[in-house]
Amino acid sequence: MAKTLFDKYGGVPMATRVARDFHERLMRRPHLRRYFLEIPIDRIIQHHIEYISYALGKPTQHYSIEDIRAQHKHCGVTGASFDLTRELFVACLEEENITEIDIAHIMETLRDVRSTIVTKGVER
């Protein structure tokens, strides 16, 4: 059985480290922090752990494209915010020593959900 990137890089402990680092980077950016002001920190970090796990290929019955849509549809995420968030995420992955090839694969997964997350300035 093929290992997922989630398994290859250490599973939950790695996803948790990346989520915490990612959260800190997001909170340093006021225009990104605004998306999370009404949400308890532990819930945000749990959301990011689930999202990172999803992006690294962890099979889950609790996190689907419909979940992603539902969690973001009222946030008004802009394309610019999404793109900056991806850049911050890549920096976190690089610090975890994820290979360039694997980061490219992860970014493909995220590229596939961009249209689900970005809702502001997009006609539906």
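The points below describe the core, the aromatic pairs, the largest pocket and a few single residues of this predicted model.

1. The largest nonpolar core holds 36 residues, and those touching the most other members are Leu56, Phe89, Leu93, Ile106 and Met107. The elements contributing two or more residues to this core are α1 (5–8), α2 (11–27), α4 (41–55), α6 (79–95) and α7 (100–117). Of these, α6 gives the most, with 7 residues.

2. Ile106, one of the core members that touch the most others, illustrates how the packing is put together. Once residues up to four places away in sequence are left out of the count, Ile106 touches Leu5, Ala55, Leu56, Phe89, Leu93 and Ile98. Among these partners, Leu56, Phe89 and Leu93 are themselves named with Ile106 as residues that touch the most other members of the core.

3. There are 2 aromatic pairs in the structure. Phe22 and Phe89 make an edge-to-face pair, with 5.5 Å from centre to centre and 65 degrees between the planes. Because Phe22 lies in helix α2 and Phe89 in helix α6, this pair ties together parts that are 67 residues apart in sequence. Both partners are shielded from solvent by the calculation: Phe22 is buried with a relative accessible area of 4%, and Phe89 is buried with a relative accessible area of 3%.

4. The rings of Tyr51 and Tyr54 have centres 6.4 Å apart and planes at 15 degrees, so this pair counts as stacked; the limit for the centres is 6.5 Å, and planes under 30 degrees apart are taken as stacked. Tyr51 and Tyr54 both belong to helix α4, where they are 3 residues apart, about one turn of the helix. Tyr51 counts as buried, at 11% relative accessibility.

5. A contact of another kind involves Arg34 and Tyr35: the charged end of Arg34 sits over the ring of Tyr35, at 4.4 Å from the ring centre.

6. The largest pocket contains about 560 Å³ of space. Its lining is made up of 25 residues, of which Phe36, His47, His48, Gln71 and His72 are the closest to the centre of the pocket. At least two lining residues come from each of α2, α4, α5, α6 and α7, and the largest share, 8 residues, is supplied by α4. Helices α2, α4, α6 and α7 thus appear in this lining and are also listed among the elements that give two or more residues to the largest nonpolar core.

7. Arg69 is located in helix α5, which covers residues 65–72. With a relative accessibility of 41%, Arg69 counts as partly exposed, because that class lies between the limits of 20% for buried and 50% for exposed. The C-alpha atoms of Arg69 and Val113 are 8.7 Å apart in space, although the two residues are 44 apart in sequence.

8. Asp102 has its place in helix α7, and despite its charged side chain the residue is buried, with a relative accessible area of 9%. Leaving aside neighbours within four places in sequence, Asp102 is in contact with Leu5, Lys8 and Tyr9; Leu5 is also touched by Ile106. From C-alpha to C-alpha, Asp102 and Leu56 are 8.8 Å apart in space, while 46 residues separate them in sequence.

Definitions and conventions: Residues numbered from 1 in each chain as written. Predicted model: local features only at pLDDT ≥ 70, side-chain atom pairs only at ≥ 80, totals over all residues. Heavy atoms only, no water. Core = buried A, V, L, I, M, F, W, Y, C linked by side-chain atoms within 4.5 Å. Buried < 20%, exposed > 50% of the residue type's maximum accessible area, 1.4 Å probe, protein only. Helix = DSSP H or I, 4+ residues; strand = E, 2+ residues; numbered from the N terminus. Contact = heavy atoms within 4.5 Å. Phe/Tyr/Trp six-rings, centres within 6.5 Å; stacked < 30°, edge-to-face > 60°. Lys NZ or Arg CZ within 6 Å of the ring centre and 35° of its normal. 1 Å grid on protein atoms, 1.4 Å probe; cavity = no way out; pocket = protein on both sides within 12 Å on 5 of 7 lines; lining within 4 Å. Points joined across faces, edges and corners; volume = space filled by probe spheres on them.
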